[in-house]
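Reader: Please take one close look at the surface of this model. I care about side chains that solvent can reach and about charged contacts. Keep it brisk.

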Amino acid sequence: MLTLVVDGEPVAKARPRAMVRHGRAHLYTPESTRAFERAVALEAITAMRGLPPMTGPLHVELWAVCKRPK
């Protein structure tokens, strides 16, 4: 069994943003999404400790602890 714990408030996957630079549209991922994805990836790499990638069917449980809305 593998357990990952990512500290901090969960961040929803944001849609890609578009901007025009030099007359061409460029898409980018917002920084809040990129930062949370990096945090999750770091925890996964640390938890795997050099083990080979998992194969076959997997069972995943996800617990997200969020602040209560006002």
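Author: Val60 sits in the segment after α1 (31-48). Helices here are DSSP runs of H or I with at least four residues, strands are E runs of at least two, and both are numbered from the N terminus. The model is predicted, so local features need pLDDT of at least 70 and side-chain atom pairs count only at pLDDT 80 or more, while totals for chains, interfaces and linings use all residues. Residues are numbered from 1 along each chain as its sequence is written, and side-chain values use heavy atoms, with hydrogens and water left out.

Val60 counts as exposed, because its relative accessibility is 68%. The cut-offs are these: buried is under 20% relative accessible area, exposed is over 50%, and partly exposed lies in between (1.4 Å probe, protein chains only). Val60 has company: Leu2, Leu4, Met54 and Leu58 join it in a nonpolar surface patch. Together the five offer about 490 Å² of accessible area. That area comes from the Shrake-Rupley method with a 1.4 Å probe, and for residues only the protein chains shown count as cover. Patch members have over 30% relative accessible area and no salt bridge; nonpolar side chains (Val, Leu, Ile, Met, Phe, Trp, Tyr) are joined within 5 Å, like charges within 9 Å.

Now the charged contacts. The structure holds three salt bridges. Each needs a side-chain nitrogen of Lys or Arg within 4 Å of a carboxyl oxygen of Asp or Glu.

One pairs Lys13 with Glu37, at 2.6 Å from N to O. Lys13 lies in the segment before β1 (17-21) and Glu37 in helix α1, so this bridge ties together parts 24 residues apart in sequence. Lys13 is exposed, at 61% relative accessibility. Glu37 is partly exposed, at 38%.

Another joins Arg34 to Glu31, at 2.4 Å from N to O. Both residues lie in helix α1, three residues apart, about one turn of the helix. Glu31 also meets Arg38 in a salt bridge, at 2.8 Å from N to O. Shared partners thus link Glu31, Arg34 and Arg38 into one network. Its members can be taken in turn. Glu31 is partly exposed, with 41% relative accessible area. Arg34 is partly exposed at 38%. Arg38 is partly exposed at 47%.
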